[in-house]
Amino acid sequence: MTEENYIYRTSQSLLRNQFPGKGKLQIPIIPKFQEKPGDFDDLLLIGFDKTHLEDQNHLDRMVHFFLYDYRFERVWKNPDNDIEKLSRYRAVLSPDFSMYLEMAPVMQLYNVFRNRWCGAYWASKGIRVIPTVNWDDESTFDFCFEGIEKGSVVAVSTYMASEHGNHQTQKEWFLAGYNEMLRRIEPERIICYNTPFPEMRGDIVYVDYEKSSWKYMSYERSFHRDNLDAFKIGGQPISPHDTIKTFIDVPSAKGGGSAYGGPWQPAKPEDKRFLGEPGQKISSRAPGKHGGYDRDTSIGDDGRATAERHYTDHGFPGHHSDPNDHMIDWSNGFPKLGPPINYPDGAPEFKVFRGCKHMNKIIGMNSPEDNRFKTISDFKWCVNSGGEVEFEWKGAVFGIWPKLRKAPNTPLQMVISQIYAENPVSTEKWCDTADELLDYVVCGDCL
């Protein structure tokens, strides 16, 4: 055995065995938090990704890891690198590595181990640590509460379990694990990041999610590429981002439950067309600068849309027939329109699912405010999900279609063009990503 191999085989970065735990799994134990007067008075948290050595304004906060895992993978890979920085804050919650329902059980167990190991390691370096507790269904209860002493102060987050955006509540899942946590750990206090559910029992320290966000922090940290590299998993390239949204103002809390954030629900009036009764056909009108167009949505046997017909060529007859159809993909947990199916020789009848009784339901249009993109990320999410966008600028009308082919055998691309014009083809630009769309020049202005 070479010296290099020996050093690697016996290193703590591999073995991680200096904190023996209890029971068969030997998950490291995080020592009980020793409370000081005022520790929980007007408590606010700060995300790990907002901490830095120059911070002088938020040291009375506790550091949390209710973030996407890639933002703090570094604390597992190189646990020494952030000790000086973390030790400056009031306390640190142990890192909340994900435990999604869709994960393989061994990955859930591994992430519990990483949570406790990091907490135990920081505590051994004199940092005040509060264990973050997470769980999934009952199959995780035999290990997800390990490594936490009875009577400890613990931290949880209700954000992923609460209704938000397009996702329904996952309260039932959350409360099942929460009540089991009370039974097994008997925590002295529970820090709850985001609004507690009324059914939650115990001595709860409520931490306001909004007030703990970057909006209430009294500095602005610039994120240069070297900063972003610190948050990515080793070897993972940085893909094009809306930097402002992804790294600064995106609601970042996450945790257990479904990786998709709970069952999808409509956030806007016109999104209601994607849910209905089996066999139903839902008619709606899409907004547009030239009066919009009609569409029919077919509902499948699970109450979710399977296909949609658009009665328009979108002012772009070279690439759309009137009508054209879109199949609807739910594999990512939300409705995603597929590429248009065109009928240059005439469209077949648009049938409802399995020929069931035809039931027509009318869905109204969104208001102009409903359709307004609030951020660049909203726009990018829309086109990446198959949304067709129409907008007006300086009197000209433009359209964006995210899934078209230049020719039958070419890859799917995104195209932007002026529409309802004499020669729309002369203004079109074919793009591979939403970021390329944003470089399109609209009447002399960059989109």
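This report describes strands, salt bridges, a cavity and a surface patch in one protein chain.

The structure is a predicted model, in which local features need pLDDT of at least 70 and side-chain atom pairs count only at pLDDT 80 or more, while totals for chains, interfaces and linings use all residues. Residues are numbered from 1 along each chain as its sequence is written, and side-chain values use heavy atoms, with hydrogens and water left out.

## Strands and sheets

Helices (H or I, at least four residues) and strands (E, at least two) are DSSP runs, and they are numbered from the N terminus. Two strands are said to pair if DSSP finds at least two bridges between them. Four strands form an open sheet with parallel pairing, and their order is 1-2-3-5. At its edges lie strand 1 (45-47) and strand 5 (129-130), each of which pairs on one side only. Strand 3 (residues 91-93) is joined to strand 5 by two bridges, and these two strands run parallel; in this pairing V92 stands opposite V129 of strand 5.

Further along the chain, strand 17 (residues 389-393) and strand 18 (residues 396-404) run antiparallel and are joined by five bridges. They make a hairpin with two residues between them, and K394 in the turn has a positive phi of about 55°. Within this hairpin, F391 has F398 of strand 18 as its bridge partner, and E392 has V397 as its partner in the same strand 18. Strand 18 is also joined by five bridges to strand 19 (residues 413-418), again in an antiparallel manner, and there G399 has S417 of strand 19 as its bridge partner.

How many residues of strand 18 are buried? Nine of its nine residues are buried, where buried means under 20% relative accessible area, exposed means over 50%, and partly exposed lies in between (1.4 Å probe, protein chains only).

## Salt bridges

Side chains of opposite charge can pair when their charged atoms come close. A salt bridge is taken here as a side-chain nitrogen of Lys or Arg within 4 Å of a carboxyl oxygen of Asp or Glu, and by this rule the count comes to 23 salt bridges. Three of them are listed below.

| Salt bridge | Closest N and O atoms |
|---|---|
| R273 and E270 | 3.9 Å |
| R273 and E308 | 2.6 Å |
| D435 and K380 | 3.1 Å |

The salt bridge between E308 and R273 has an N to O distance of 2.6 Å. This pair links distant parts of the chain, with E308 in strand 12 (residues 305-310) and R273 in the loop between strand 9 (256-257) and strand 10 (280-286), 35 residues apart. E308 counts as buried because its relative accessibility is 0%, and R273 is buried because its relative accessible area is 5%. R273 and E270 are both buried.

D435 and K380 also form a salt bridge, at 3.1 Å between the closest N and O atoms. Here too the pair links distant parts of the chain, since D435 lies in helix 10 (residues 434-437) and K380 in helix 9 (residues 376-384), 55 residues apart. D435 is partly exposed because its relative accessible area is 23%, whereas K380 counts as buried because its relative accessibility is 8%. Elsewhere, D142, E180, R183 and R184 are joined into one network by salt bridges that share partners.

K380 is one of the buried residues of helix 9, which are S377, F379, K380, C382 and V383. Just after helix 9, G386 takes a positive phi of about 95°.

## A cavity inside the protein

A cavity is a set of points, on a 1 Å grid over the protein atoms alone, where a 1.4 Å probe fits but cannot get out, and its lining residues have an atom within 4 Å of a point. The count comes to three cavities of 30 Å³ or more. The second largest cavity has a volume of about 50 Å³, a volume being the space filled by probe spheres set on the points, which are joined across faces, edges and corners. Its lining includes P95, F97, M99, T132 and C144. Which helix gives the most to this lining? Helix 5 (residues 105-124) does, with four residues.

## On the surface

Y8, L14 and L15 form a nonpolar patch on the surface, with about 300 Å² of accessible area together. Such a patch is made of residues with over 30% relative accessible area and no salt bridge, nonpolar side chains (Val, Leu, Ile, Met, Phe, Trp, Tyr) being joined within 5 Å and like charges within 9 Å. Accessible areas come from the Shrake-Rupley method with a 1.4 Å probe, and for residues only the protein chains shown count as cover. Y8 is found in helix 1 (residues 3-9), and Y8 is exposed because its relative accessible area is 51%.

Notes:
On a 1 Å grid over the protein atoms alone, a cavity is a set of points where a 1.4 Å probe fits but cannot get out, and a pocket is an open set with protein on both sides within 12 Å along at least five of seven lines; lining residues have an atom within 4 Å of a point.
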